[in-house]
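Visitor: I'm new here, so could you walk me through this one?
Guide: Sure, have a look first and then ask away.

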Amino acid sequence: MKEIVVVSGKGGTGKTSVVASLACLIENKAMVDCDVDAANLSLVLSPRVIEEKDFTAGKKARIIQEKCTRCGICRDMCRFDAISQDFIVDPFSCEGCGACFFFCPASAVEFETGLAGRCYICDTPSGDPFVYAELFPGEENSGKLVAMVRTEGKERAQQAGLSRVLIDGPPGIGCPVISSITGTSLALIVTEPTASGIHDLERVVQLARHFEIPSAVIVNKSDINQACTDSIEKYCLQNNIPLLGRLPYEKMISEAQRQGKAVVEYAPDLPVSKAIRDISERIISIYKE
Amino acid sequence: MRVKNGEGIVIDLTGMNIAMASGKGGTGKTTVAVNFTWFLAYAGQRVQYLDCDVEEPNGHIFIKPSIRASSASKVMIPVVDQEKCTSCGECGAKCQFHAIVNLPGDTLIFPGLCHSCGLCSAVCPTGAITEGTRDVGIIEQGRGVREIEFTHGILNVGEAMAVPLIKKVKMERKDQFINIVDAPPGTSCPVVATLNGSDAVIMVTEPTPFGLHDLKIAIDVARLLNIPTGVVINRDQGGYPPLSDYLETSHIPVLAVIPEDAEIARHYSRGDIILESLPSYIDTYLSLATNLEKLLGTVSNSHVRRA
C-alpha cells in the first residue's frame, strides 16, 4: 500500500485543487482528506456518505456547583487557568488533564469524554472510496482524528483491493501535519513562488526529512514571480528533491471549484490541466506498485 | 475621507487585541494583518504585530524586524528519579495524554505527548517526579518598518505542541499598543488559543466555496468564544452570492473588500508591504479601521478589555 500525502506548509497554495485533479488521473486508489479542521475535498468529489463514525477524544472537566465547597484546590492545581474565580471551567482553556477532578475533596468535578467530531466514509461517482472528517469548531486532538481518517481510508482501500491512498493534508507543520505524513511513501509538497511560500516550503521539507519521508515538489502559480520560481528550482536541486512540475496561474481553477469540479475535468484543454496530467504520469511511473 | 501622510486620522483602538483569522489558509490573512498594522503605524498609532502562526510564521518577511531579543520557549516536562520510583503506576494511570508508561523498574516519559499539567508529580506518592523543561521553539522580538513592534514564535520542526508557544507569544501583548495578532489557519486548538481573549477578530476570506466553507467554521469558533467578528473579503471578483447571503443572514459585517489584483499578488510574492507600493489601497485600510471601531463600539462603548 502506497500512501501519498499532499502538503504545503503554507495554506492556500492549491493543495486541495491539485489533489482534486490528481484524483481524476490516478487510478486504483482511495481518497482521504486529513485537513480535519477545514475539510474541503468533499466539495469537489461529490461524495455519498455511506457510514458515519463519531470521534471522541479527550475529557473535559465540569464543576457541579451544588457540590462545590469553593475551597480553591482545583484552581491551584490547574496549570491552564481554566477555572474562574466563581469555579466555572472554561472548556476552551481546559486541556483535559484531570488535575481538578482527581484532587477535588468534594468530588464536585465531572470529567467526561465528549463528542469532538465525526468521520465520514463515502463512495464517489468515480468509484473511489473517500474518507473525510469534521472536527467540531474549536476542538482539540486533531492529530487523533487525522489518524482515524487515515486508518479508515487504508481499510477501505484494502477491502476494495486498491494499492494507493491519496491524502489531502492540512497546512502547517504541527500536530495534524505530523499525524498526516508519518509512515507515508511520499510527501508531495505544493508550493507557490512567493517569499512566504519558499519560507514555508523549507520548513515542511525539514519536517518530511525529520520523519524520513521522501518528498517531491510542485510549484503552483509558477508564473506570478519568475525569480521566486527559479529560487525554488535551485533549492530543490541543491536538496535533491524532485521537482515534479510547474503549474501556471489559472483563474479557471476557482471557477472549476465553484462548479464543484477539478480543473482537469472542467477545462481539460487548459495548459494547467496538461501540466497536472504530466505530473500525474510522473507520480504513477515513480510510485508504481 | 482622503488621507495624506497619515495626518488627521483619529483612531481609538489603543490597548485592543485584534486577531486575524480565516479558517482556510492562503486567503490573505497575513497580507491584511501586516498591511493593517502598517496602516495603523502610518496613522500615528503605537502598534505591535504578533505572529501566532508559529508553525509557519511569515509576518517577519513583510515587517522586516531587526531582532533585539531571542529566547527559547520552554515547557515543563516531568523528570523521574528512578531511585525513588516504586513503579506503582499511579502517574501513568492518571495521565490523560498517554505521556507516561510504567514498566517494572522503569517509568518512561514521552515528552512530545506531555501537556505540562503537573498531575504526575502531584499524584506521585514517593516524590519521585520533579519538573524539568524542554524547548518547543523560540520567541523573537524586534522593531520593523515604521517602528512597528514585532513578536513571533517559531515552532521547532517536528514539534507537535503549538499551543504553549502561541500562549507565550500572546503574553507579549502590550496595553499601550494596538495589538494585531495573526492566527494560524484552521479551526482547532491553535486557533482557539490565539483568539481566546481577543477584543475582536477580523476574518479574511476569499469568494470561493473552499473559503466560505472554512469561514463558517472559523466564525463558529469566534461565536463560541464570544468575540465580535467582522469579515474582510479578499480577491473579490465582483461578488459571490453564497458568501454575501451567508454574511447577511448571520449578521456578520463586512469591514472591507479588496479586489483581485495581480499587482497585489506580485508585491506580496516579493515580501513588500502593499500600502507602500500601492498607496491607493490606503483608503481601503482606513475604512477597515473605521468599520472595526464601529464593530467594537456596538459591542461596548467603554472599550473594556477582555480578560
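Guide: A word we'll need: a residue is buried if 20 or more other C-beta atoms lie within 10 Å of its own. Also, keep in mind that this is a predicted model.

Visitor: Which residues of helix 7 of chain B are buried?
Guide: Going by that cut-off of 20 or more other C-beta atoms within 10 Å, we can pick them out along the helix. The buried ones are Phe210(B), Gly211(B), Leu212(B), Asp214(B), Leu215(B), Ile217(B), Ala218(B), Ile219(B), Val221(B) and Ala222(B).

Visitor: How far apart are the end C-alpha atoms of helix 7 of chain B?
Guide: Helix 7 of chain B has 16 residues, 209–224, and at 1.5 Å a residue they should span 22 Å. The model agrees with that, as the end C-alpha atoms are apart by 23 Å.

Visitor: Which residue with a positive phi follows helix 7 of chain B?
Guide: Look just past the helix for a phi near 65°. The residue there is Asn226(B).

Visitor: Why is helix 5 of chain B largely enclosed by the rest of the structure?
Guide: Helix 5 covers residues 163–170, and its buried residues include Val163(B), Leu165(B) and Lys168(B). They pack against several elements of chain B, among them strand 3 (66–80) and helix 6 (189–195). The helix is largely enclosed because its buried residues number 7 of the 8.

Visitor: Which helix gives the largest share of the side of chain B that touches chain A?
Guide: In all, 49 residues of chain B are in contact with 51 residues of chain A. Helix 4, helix 6, helix 7 and helix 9 of chain B each supply at least two residues of that side. The largest share, 8 residues, comes from helix 7 of chain B.

Definitions and conventions: Residues numbered from 1 in each chain as written. Chains lettered and ligands numbered in written order. Predicted model: local features only at pLDDT ≥ 70, side-chain atom pairs only at ≥ 80, totals over all residues. Helix = DSSP H or I, 4+ residues; strand = E, 2+ residues; numbered from the N terminus. Expected span 1.5 Å × (residues − 1). Buried ≥ 20, exposed ≤ 12 C-beta atoms within 10 Å, placed from the backbone. Contact = placed C-beta atoms within 7 Å.
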